[in-house]
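Biologist: Before I rely on any label attached to this model, I would like to hear the criterion behind it and the value that is set against that criterion.

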Amino acid sequence: MILFCEDCGNKNVIGPDQVTDHKAVFRCSVCNYLNSVSTGRKTVAQTAKTTTHPSANDCDRLVQTLKKVPGLSGFFLFHTKTGVLQNHMPGVLLHQDLEIIGKILISNIKICSFQYPDITRQFLVIEGKNLVLQMINKTCGLIVACHTFPLTALQEKTMDHVARAHWSLEA
Amino acid sequence: MIHIARIEGVKHYILVDHNQQVIVHNLKDYRRIGAMICFCGLQSYALGKSRLKFLIFERKNHNDLFIFPVGNYYLGVIKHKTIGAVELTHNVLAFLNELVSNRPDKNLH
């Protein structure tokens with residue numbers, strides 16, 4: 001099983017012996033942080049209490065959901081500490097490009113949230129392509145690239161679904 | 001530029017230059033918001049360059065914040081909750097295009 005460290009976001013491979021009663025307790029191989037992460041199919045709220053970083057399962061579900069949505073050029077997850085987590089953007093964009101995009105969009109939304117704490121989403125509309133940032137928790141955002149503005153009904157619905165599922169993690 | 005207030009859907013507006021200098025506004029906390037708009041505008045310009053059209057921050061109360069690059073300035077607009085984002089952007093972009101085309105020196109672009 002692959003789990004991400006709550007502190008540094010590094011990927012850790014966890015053996016079955018480290019999972020007891022739907023809970024994995026492991027020390028991160030990079031930062032040595034002691035993690036205690038729920039792995040079972042508990043409620044979303046229960047999972048939220050143990051992690052602010054999307055688990056590998058969450059990421060997979062998110063990727064599968066977004067891949068089914070037509071009209072998206074690509075998407076990636078960006079963590080404020082560890083940078084790009086899941087990259088499904090067109091190959092023409094280098095990893096460094098995505099790091100810059102992620103940092104800029106997240107710093108924009110953070111700065112504006114000081115003044116307007118109810119900000120939920122950011123659109124960057126550039127001729128021919130648009131970037132949408134949807135924060136999925138305090139430290140992690142989903143960045144989607146698409147050609148159309150505004151989003152189609154299905155794209156909007158999917159983004160809302162993603163947002164709701166993850167906002168409730170912090171309830 | 002003050003005519004921006006008459007555009008349908010515009011609740012508040014603020015025009016700042018690249019040095020966070022507020023040129024015109026109808027906001028209370030204009031210094032802070034001006035600095036914020038300038039910061040976001042400059043950051044986003046780094047991504048979109050001259051092809052950057054606008055930036056939107058959606059809010060739960062639907063008074064979304066829009067930032068439009070206008071030459072060496074950034075125009076911040078807070079929309080009324082009753083108007084859609086597409087309609088507002090259409091109205092503001094039409095206003096800006098008209099403004100630029102009517103200026104004799106056309107120094108906004």
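Modeller: What follows is a set of questions about labels, each answered from its definition.

Modeller: This is a predicted model, in which local features need pLDDT of at least 70 and side-chain atom pairs count only at pLDDT 80 or more, while totals for chains, interfaces and linings use all residues. Residues are numbered from 1 along each chain as its sequence is written, and chains are lettered from A and ligands numbered from 1 in the order in which they are written.

Biologist: What makes residues of chain A and chain B part of a contact, and how many does each chain give?

Modeller: Two residues are in contact if their C-beta atoms, placed from the backbone, lie within 7 Å. By that criterion 19 residues of chain A and 24 residues of chain B take part. On the side of chain B that touches chain A, the elements giving two or more residues are α1 (30-48), β3 (52-59) and α2 (85-102) of chain B, and α1(B) supplies the largest share, 10 residues. Such elements are DSSP runs numbered from the N terminus, helices being H or I of at least four residues and strands E of at least two.

Biologist: How do the residues on the side of chain B that touches chain A divide into nonpolar, polar and charged?

Modeller: Ala, Val, Leu, Ile, Met, Phe, Trp, Tyr, Cys and Pro count as nonpolar, Asp, Glu, Lys and Arg as charged, and the others, Gly among them, as polar. On that basis this side of chain B has 14 nonpolar, four polar and six charged residues.

Biologist: What makes β8(A) and β3(B) a pair?

Modeller: Two strands pair if DSSP finds at least two bridges between them. Strand β8 (residues 119-126) of chain A and β3(B) have seven bridges and run antiparallel, with R121(A) opposite E58(B); the pair therefore meets the criterion.

Biologist: Which strands of chain B pair with β1(B)?

Modeller: Three bridges join strand β1 (residues 10-17) to strand β2 (residues 22-25) of chain B in the antiparallel sense, and L15(B) has V24(B) as its bridge partner in β2(B). Strand β5 (residues 73-79) of chain B also pairs antiparallel with β1(B), over seven bridges, and there L15(B) stands opposite L75(B).

Biologist: Why are β3(A) and β5(A) said to stand at the edges?

Modeller: Three strands of chain A form an open antiparallel sheet in the order β3-β4-β5. Both β3 (19-20) and β5 (34-38) of chain A have a single partner strand, so one side of each is left without a neighbour in the sheet. The antiparallel pairing of β3(A) with strand β4 (residues 23-27) of chain A rests on two bridges, and V19(A) has A24(A) as its bridge partner in β4(A).

Biologist: How do you know that the span of α1(B) agrees with the expected one?

Modeller: The expected span of a helix is 1.5 Å times one less than its number of residues. For the 19 residues of α1(B) this gives 27 Å, and the end C-alpha atoms are 26 Å apart, so the two agree.

Biologist: Is K49(B), which follows α1(B), buried or exposed?

Modeller: A residue is buried if 20 or more other C-beta atoms lie within 10 Å of its own, exposed if 12 or fewer, and partly exposed in between, with C-beta atoms placed from the backbone. K49(B) has 11 and is therefore exposed, whereas H62(B), with 14, is partly exposed. The buried residues of α1(B) include I33(B), I37(B) and G41(B).

Biologist: What is notable about phi in K49(B) and H62(B)?

Modeller: Most residues other than glycine have a negative phi, and most peptide bonds are trans. Phi of K49(B), in the loop between α1 and β3 of chain B, is positive, near 50°; H62(B), in the loop between β3 and β4 (65-70) of chain B, has a positive phi of about 70°.

Biologist: Which peptide bond is called cis?

Modeller: The bond joining F149(A) and P150(A) is cis, with omega about 0°, and P150(A) lies in the loop between β10 (140-146) and α4 (153-167) of chain A.

Biologist: What makes a set of residues a nonpolar core, and which residues have the most contacts inside the largest one?

Modeller: A nonpolar core is a set of buried Ala, Val, Leu, Ile, Met, Phe, Trp, Tyr and Cys residues joined through C-beta atoms within 7 Å. The largest has 55 residues, and those with the most contacts inside it are L105(A), I143(A), I37(B), F66(B) and I67(B).
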